[in-house]
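Student: I'd like a close look at one part of this model, with the surroundings that make sense of it. Could you pick up the strands and walk me through how they sit?

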Amino acid sequence: MEREEWYRLRNDRMNRVDDVNLAQSTKRSIGVVISPEHLDHYSIQIMSYMSLNMLSRWCPSFTIDLPDENQCIIPGFRNRTLKEVALELVQRNDPFGEFTVNSILPSDYNIVLYIGECSHAEGSNMIWIDAEGWLAGYGQNMYSNLNKRNKNNKNPIGPSFAACLGVSEVLKRHLGLQVSESFIRWYSIYDLQSDSNHVTLSNPPISRLLEVGTLHQIGCGAVGSSLDLLFSFLNIKGNIHLIDYDSVSVPNTASSMVFTAKDGLEEIDKVDSCYSFLEKVDGLIPYPHKCDYGTFIKKHDLLNDYPDIVLCLANEKNIWSTIQHNYPPLVLHATTSPNWGVNLGRHIPFQDWCIVCRFGIDEYETIPVCSQAKVDSGGEKEEILGILPFLSTAGAILILSEILRSRIDGYCLTKDNFVQFSFKDTNVGFIKLKLSRNENCTVCNNQTKEEYSFLRRQISYNQIHKGE
Ligand SMILES: [Zn+2]
């Protein structure tokens with residue numbers, strides 16, 4: 001594939017997002033400085049890895065300033081230097097990209113993303129990000145870095161979210177959009193609060209081992225595959241069924257944090273790309289299924305292998321009614337919108353709205369057929385929606401944060417079941433809502449607790465039986 005064709009295809013989905021036109025934006029020089037201080041910390045390395053991963057999926061040229069010698073401590077990349085891992089990552093994402101490692105004089109660049117401790121970073125062209133645990137912060141011309149750091153805080157949520165914030169801000173400047181010249185914002189992804197000072201925000205430790213039980217991950221596209229990358233950063237235990245009938249295409253490589261250019265050019269199956277990534281993760285057993293969820297359910301023995309969490313990260317073929325008709329336990333869904341927004345929805349049976357209350361049973365058929373529509377493998381029309389790399393990553397982060405919260409006692413009492421965040425207007429912070437069941441929903445209103453307990457009884461019976 002020629003260079004021009006690669007960028008035309010690769011940027012296609014991003015150019016469908018409001019205010020984004022990567023072909024016509026002025027070429028601005030971009031530098032990424034990774035602070036040499038605390039470079040042996042998990043949070044600084046995750047922030048660096050995620051920032052470079054997202055940046056190299058839309059920006060074809062930048063310079064990275066990072067030391068030669070630091071060992072990479074990110075699970076899956078041990079025994080190599082961070083520099084080697086970073087260079088391999090960006091080249092794998094964009095084979096035509098011009099990425100160099102060099103020391104940076106910030107005043108020589110139009111935009112500089114500064115990662116980590118930055119008390120000496122100055123200049124109106126510089127955006128800093130910092131994070132640890134559940135906390136993510138960023139700003140310009142005003143600084144408030146973390147004063148206390150814990151080298152071994154192995155929570156990837158805050159660092160990954162800080163990377164989303166930083167890269168979104170670089171993109172805004174690259175596109176010439178209106179931005180705040182002087183600001184500072186901190187977020188806690190634990191309770192979804194924000195403040196100009198991180199000291200007031202919640203940052204509890206996470207358990208050393210995350211046991212997720214059995215997951216049905218429906219959809220291995222932008223959000224699903226990016227979630228799999230986040231799983232690989234954790235000490236995690238469980239079974240994960242990867243369900244998707246689609247294969248990777250070049251436009252998909254812009255919004256997934258896992259798909260490589262090679263995956264897109266060779267059009268490998270999405271489940272295989274995610275599988276080969278998760279296969280290396282100790283404790284997590286992935287099972288790839290190249291089919292839609294309806295087909296998976298038909299061949300799967302649900303009575304003997306009931307999921308603990310269903311992740312709805314796809315939007316094809318009336319997926320919502322298929323999920324809800326099969327008496328799901330906790331369901332989580334995440335969506336992104338072309339106006340730089342990301343949503344998280346939660347569905348606990350009998351407590352929350354269900355996934356059909358959210359999306360409706362016939363919505364798929366009512367999506368208007370427009371010029372952007374393509375015919376998917378099922379022969380039905382599917383609208384191609386715009387997406388940006390930090391939107392899919394933020395969706396994955398919100399899903400993971402909810403899984404981590406669901407492991408905390410008293411979780412079911414959490415009131416809110418819908419979260420919105422916009423990267424267009426980040427000072428609004430997270431909007432949290434409690435949405436009610438749809439009294440006209442034809443699925444959840446006809447399901448009873450007895451039907452649910454029948455499934456659960458079967459499971460406990462079989463578990464007892466196996467134990468004997
Ligand atoms: Zn419902």
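Tutor: Here is a walk along a few strands, the loops beside them and the core. Keep in mind that this is a predicted model.

Let's start with S6, residues 135-140. Is this strand mostly covered or mostly open? Mostly covered: six of its six residues are buried. You can split them by face, with Leu135, Gly137 and Gly139 on one side and Ala136, Tyr138 and Gln140 on the other, and both faces are covered.

S6 has strand neighbours as well. Strand S5, residues 126-132, pairs with S6 in the antiparallel sense over five bridges. If you want a spot to click on, Trp128 stands opposite Gly139 in S6. S5 and S6 make a hairpin with two residues between the strands, and Gly133 there takes a positive phi near 65°. S6 is also joined to strand S7, residues 183-188, by six bridges, and those two run antiparallel. In that pair, Tyr138 stands opposite Arg185 in S7.

Just past S6 comes a backbone detail worth a look. Asn141 has a phi near 65°, which is positive even though the residue is not a glycine. Asn141 sits in the loop between S6 and helix H4, the latter covering 157-175. Why does Asn141 count as partly exposed? Because Asn141 has 16 C-beta neighbours inside 10 Å, and the buried label needs 20 or more.

There's a similar case at His38, again a non-glycine with a positive phi, this time of about 60°. His38 lies in the loop between strand S1 (30-34) and helix H2 (42-55). With 18 other C-beta atoms within 10 Å, His38 is partly exposed.

That brings us to S1. Five of its five residues are buried, so to speak of S1 as mostly covered is fair under the cut-off of 20 or more C-beta atoms within 10 Å. Ile30, Val32 and Ile34 are on one side, Gly31 and Val33 are on the other, and both faces are covered. S1 pairs in the parallel sense with strand S4, residues 111-115, over five bridges, and the bridge partner of Ile34 in S4 is Ile115. Three bridges join S1 to strand S2, residues 61-65, and these two also run parallel. Val33 stands opposite Asp65 in S2. To get from S1 to S2 the chain passes through H2, and this β-α-β crossover is right-handed.

Now move along the chain to the open sheet. Eight strands form it, in the order S11-S10-S9-S12-S13-S14-S17-S18, with mixed pairing. S11 (284-289) and S18 (431-433) are the edge strands; each has a single partner strand, so one side of each is left without a neighbour in the sheet. From one strand to the next the twist averages 15°.

Within that sheet, zoom in on S9 and S10. S9 (residues 210-218) and S10 (residues 236-243) pair in the parallel sense over eight bridges. Thr214 stands opposite Asn239 in S10. Helix H7, residues 270-278, lies across S10 and S11 and runs at about 165° to S11.

S10 also holds Ile236, which counts as buried because 20 C-beta neighbours lie inside 10 Å. Setting aside neighbours within four places in sequence, Ile236 is in contact with Leu210, Val212, Phe231, Val281, Gly283 and Leu284. Between Ile236 and Ile403 there are 12 Å in space, C-alpha to C-alpha, while the two are 167 residues apart in sequence.

Last stop, the core. As a general matter, nonpolar side chains in soluble globular proteins tend to be buried together. In this model the largest nonpolar core has 126 residues, and those with the most contacts inside it are Phe161, Cys312 and Ile399. Helix H12, residues 389-406, gives the largest share of this core, ten residues. The core draws at least three residues from each of domain 1 (3-200) and domain 2 (210-458). For a closer view of Ile399, leave out its neighbours within four places in sequence: the contacts are then Leu227, Leu311, Leu332, Ala334 and Leu344.

Conventions
Residues numbered from 1 in each chain as written. Predicted model: local features only at pLDDT ≥ 70, side-chain atom pairs only at ≥ 80, totals over all residues. Pairing = 2+ DSSP bridges. Helix = DSSP H or I, 4+ residues; strand = E, 2+ residues; numbered from the N terminus. Axes fitted to C-alpha atoms, helices over the stretch in contact; angles between N-to-C directions. Contact = placed C-beta atoms within 7 Å. Core = buried A, V, L, I, M, F, W, Y, C linked by C-beta atoms within 7 Å. Buried ≥ 20, exposed ≤ 12 C-beta atoms within 10 Å, placed from the backbone. Domains from an automatic or database assignment. Right-handed = clockwise from strand over helix to strand, strands pointing away.
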